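Trainee: I would like to learn how to read a structural model feature by feature, beginning at the surface and working inward. Could we go through one together?

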Amino acid sequence: MASPSRRLQTKPVITCLKSVLLTYTFIFWFTGVILLTVGIWGKISLEVYFSLLNEKATNIPFVLITTGAVIIVLGTFGCFATCRASAWMLKSYAMFLALIFLVELVAAVVGFVFRHEIKNSFKMNYEISLNQYNDTANQRSEAVDTIQKTLHCCGVQSAVDWENTAYYEEKGFPRSCCRFHSCTWADRKDLKKQNQEGCFLKVITVMQSEMGVVAGISFGVACFQLIGIFLAFCLSRSITNNQYEIV
C-alpha cells in the first residue's frame with residue numbers, strides 16, 4: 001500500500017489530466033461538427049462537379065459526413081469516460097481515436113494517389129456529356145449548363161468542342177455558352193459571341209481550391225487526434241496506478 005503523501009501527489013496529476021482531456025474532447029467533438037458541416041457543404045456546393053465524376057468520387061462528401069458523425073458520438077463517449085475516470089473506457093476511447101486516425105490517413109493517401117484519375121474521369125465524362133447534351137431535364141446536361149454559366153466557359157478545352165456535337169448541328173451552341181445575357185438563334189451559331197475559354201481547366205482549379213479546404217480541415221482533425229490518444233492513455237495509466245497504490 002502506498003503512503004498517503006504518494007496518493008496526494010497522484011490525485012492532482014489525475015485532476016489536471018482530466019481537465020486537459022475534457023477540454024480536448026470538447027474541441028474534438030466540435031471538430032466533428034465542423035467535418036459534418038464541411039461534408040454537407042461539399043455535397044451541396046460541389047454536387048454539380050461530382051455528377052460528372054465516377055460513382056467513387058461522389059462518395060467523398062458522404063465519407064466526411066459519416067466521419068463527422070462518428071467523431072461527435074466518440075467525443076460524447078470520451079467526455080463520459082473522462083468524467084467517470086474509468087481506465088478501461090479511456091483505453092477504449094484512445095483505441096477508437098487511433099482507429100479513426102488510421103482510416104483518415106489511408107483515405108488521404110488514396111485520395112492523393114488517385115487525384116489524376118479524378119481529373120481524367122471528369123474530362124472524359126464532360127466530353128460524353130457534351131456529345132449527349134439536350135434541352136431536357138437531364139442531370140448531366142443541367143450540370144454542363146450550370147458549370148458553363150457559373151464559370152463563364154464553353155466546351156471542354158474551348159468553345160470549338162461544341163461544333164463536333166449533334167446538338168450544335170441542330171441548334172448551335174447552348175444558351176449557357178453565350179457571352180451576353182441573351183442570344184438569338186442566329187447568335188447561337190456565331191462562335192465569336194460565345195465564351196471562348198474551355199471549362200476543364202476552370203473546373204479543375206475550382207475543385208482543387210474547394211477540395212484543398214476540405215483536405216486541410218481533415219488533415220488538421222487527424223493530427224489533432226494524436227493529442228487525444230496521448231492524453232487518454234496517460235490519464236488511464238495514472239488512474240490505474242492510483243488504484244494499485246490504494247490497494
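**Reading the model from surface to core**

Mentor: In this predicted model, a nonpolar patch lies on the surface, formed by Phe 26, Ile 27, Trp 29, Phe 30 and Ile 34, which together have about 460 Å² of accessible area.

Trainee: Where is Ile 34 found, and is Ile 34 buried or exposed, or something between the two?

Mentor: Ile 34 belongs to helix 1, which covers residues 4-45. Because its relative accessible area is 31%, and the partly exposed class lies between the 20% and 50% cut-offs, Ile 34 is partly exposed.

Trainee: How many helices and strands are there in the chain?

Mentor: The chain has eight helices and zero strands, and the pattern read along the sequence is accordingly α-α-α-α-α-α-α-α. Of its 247 residues, 41% count as buried, while the chain exposes about 13,800 Å², of which carbon and sulfur atoms supply 67%.

Trainee: Among contacts between residues at least 6 apart in sequence, what share joins residues at least 24 apart?

Mentor: That share is 71%. One pair separated along the chain is Thr 66 and Leu 36, which are 30 residues apart in sequence and have C-alpha atoms separated by 7.4 Å. Thr 66 is found in helix 3, residues 60-84, and counts as partly exposed because its relative accessibility is 47%.

Trainee: Turning to Thr 25, is this residue buried or exposed, and which residues is Thr 25 in contact with beyond its neighbours within four places in sequence?

Mentor: Thr 25, placed in helix 1, has 0% relative accessibility and therefore counts as buried. Leaving aside those sequence neighbours, Thr 25 is in contact with Gly 75, Gly 78, Cys 79, Thr 82 and Tyr 93. With Tyr 93 there is a polar contact between the two side chains, at 3.3 Å.

Trainee: What is phi of Ala 85, and what is phi of His 152?

Mentor: Phi of Ala 85 is near 55°, a positive value in a residue other than glycine, and phi of His 152 is likewise near 55°, again positive in a residue that is not glycine. Ala 85 is placed in the loop between helix 3 and helix 4 (87-113), whereas His 152 is found in the loop between helix 6 (139-151) and helix 7 (166-171).

Trainee: How do Ala 85 and His 152 count by accessibility?

Mentor: Ala 85 counts as partly exposed because its relative accessibility is 24%, while His 152, at 52%, counts as exposed, since exposed residues have over 50%.

Note on methods
Residues numbered from 1 in each chain as written. Predicted model: local features only at pLDDT ≥ 70, side-chain atom pairs only at ≥ 80, totals over all residues. Heavy atoms only, no water. Patch = residues over 30% accessible without salt bridge, like charges linked within 9 Å, V, L, I, M, F, W, Y side chains within 5 Å. Areas by Shrake-Rupley, 256 points an atom, 1.4 Å probe, with all protein chains shown as cover. Salt bridge = Lys/Arg side-chain N within 4 Å of Asp/Glu carboxyl O. Helix = DSSP H or I, 4+ residues; strand = E, 2+ residues; numbered from the N terminus. Buried < 20%, exposed > 50% of the residue type's maximum accessible area, 1.4 Å probe, protein only. Contact = heavy atoms within 4.5 Å. Polar contact = N/O pair within 3.5 Å; in protein donor to acceptor, adjacent residues only side chain to side chain.
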